[in-house]
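The following exercises concern one protein chain. Please work through each task with the sequence and the model at hand before reading the solution.

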Amino acid sequence: MTAKDTYHPFARTIVSPEVVVLTTHQPQAVEETFVFVTRVFGGVLDGEEHIEDTAGDALAMHTAMARWCRAGLALAEAS
């Protein structure tokens, strides 16, 4: 495993026992930059993935995905 293959946690939100939003960053070989990846595990948005180039954009996407997951859970419970 090389440094390029290593993901580092950046943000994690446990929305419920079954739903987690996780944002990681991965070092890139080009110009020593990072790519931030936000993923949803569980719930109606399971498998959703977004890639951002900056920490600020990644944190904003992470927050938005956590909100959408909470909304999805609320809709599922209301049904």
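Two strands are taken to pair if DSSP finds at least two bridges between them. Helices (H or I, at least four residues) and strands (E, at least two) are DSSP runs, numbered from the N terminus. The structure is a predicted model, in which local features need pLDDT of at least 70 and side-chain atom pairs count only at pLDDT 80 or more, while totals for chains, interfaces and linings use all residues. Residues are numbered from 1 along each chain as its sequence is written, and side-chain values use heavy atoms, with hydrogens and water left out.

**Exercise 1. The order of elements**

Determine which pattern the chain follows when it is read along the sequence.

Solution. Step 1: the secondary structure consists of 1 helix and 4 strands. Step 2: along the sequence, these elements give the pattern β-β-β-β-α.

**Exercise 2. The sheet**

Establish in what order the strands form the sheet, and how many bridges join β1 to β2.

Solution. Step 1: the 4 strands build an open sheet with the order β1-β2-β3-β4 and antiparallel pairing. Its edge strands, each pairing on one side only, are β1 (8–16) and β4 (49–52). On average, neighbouring strands of this sheet are turned by 15° against each other, direction ignored; such angles run from 0 to 180 degrees between N-to-C directions, with axes fitted as lines to C-alpha atoms, for helices over the stretch in contact.

Step 2: β1 is joined by 7 bridges to the antiparallel strand β2 (residues 19–27). The two strands form a hairpin with 2 residues between them. Within this pairing, Ala 11 stands opposite Thr 23 in β2, and Arg 12 has Leu 22 of β2 as its bridge partner.

Step 3: β2 and β3 pair over 8 bridges, again in the antiparallel sense. Here Thr 24 is opposite Val 37 in β3.

Step 4: β3 and β4 run antiparallel and are joined by 4 bridges. Phe 36 stands opposite Glu 52 in β4. As background, strands of a sheet pair through backbone hydrogen bonds, either parallel or antiparallel.

**Exercise 3. The helix and the core**

Find the strands across which helix α1 lies, and name the element that gives the most to the largest nonpolar core.

Solution. Step 1: helix α1 (residues 55–78) lies across β1, β2, β3 (34–41) and β4, and runs at about 15° to β1.

Step 2: a nonpolar core is a set of buried Ala, Val, Leu, Ile, Met, Phe, Trp, Tyr and Cys residues joined through side-chain atoms within 4.5 Å. Buried means under 20% relative accessible area, exposed means over 50%, and partly exposed lies in between (1.4 Å probe, protein chains only). The largest such core has 8 residues: Val 15, Val 19, Val 21, Val 40, Met 61, Met 65, Ala 66 and Cys 69. The elements giving two or more residues to this core are β2 and α1, and α1 gives the most, with 4 residues.

Step 3: contact means heavy atoms within 4.5 Å. Leaving aside residues up to four places away in sequence, Met 65 touches Val 21, Thr 38, Val 40, Leu 45, Glu 48 and His 50.

**Exercise 4. A salt bridge between strands**

Locate the two side chains that meet in a salt bridge, and decide whether Arg 39 is buried, partly exposed or exposed.

Solution. Step 1: a salt bridge requires a side-chain nitrogen of Lys or Arg within 4 Å of a carboxyl oxygen of Asp or Glu. A search of the whole structure finds 1.

Step 2: the side chains involved are those of Arg 39 and Glu 49, at 3.0 Å from N to O. The pair links distant parts of the chain, with Arg 39 in strand β3 and Glu 49 in strand β4, 10 residues apart.

Step 3: Arg 39 is partly exposed, because its relative accessible area is 23%. Glu 49 is also assigned as partly exposed, because its relative accessibility is 42%.

**Exercise 5. The surroundings of Val 35**

Decide whether Val 35 is buried or exposed, and list the residues that Val 35 touches.

Solution. Step 1: Val 35 is found in strand β3. Val 35 counts as buried because its relative accessible area is 19%.

Step 2: not counting residues up to four places away in sequence, Val 35 touches Thr 24, His 25, Gln 26, Gln 28, Ile 51 and Glu 52. The C-alpha atoms of Val 35 and His 25 are 5.5 Å apart, with the two positions 10 residues apart in sequence numbering.
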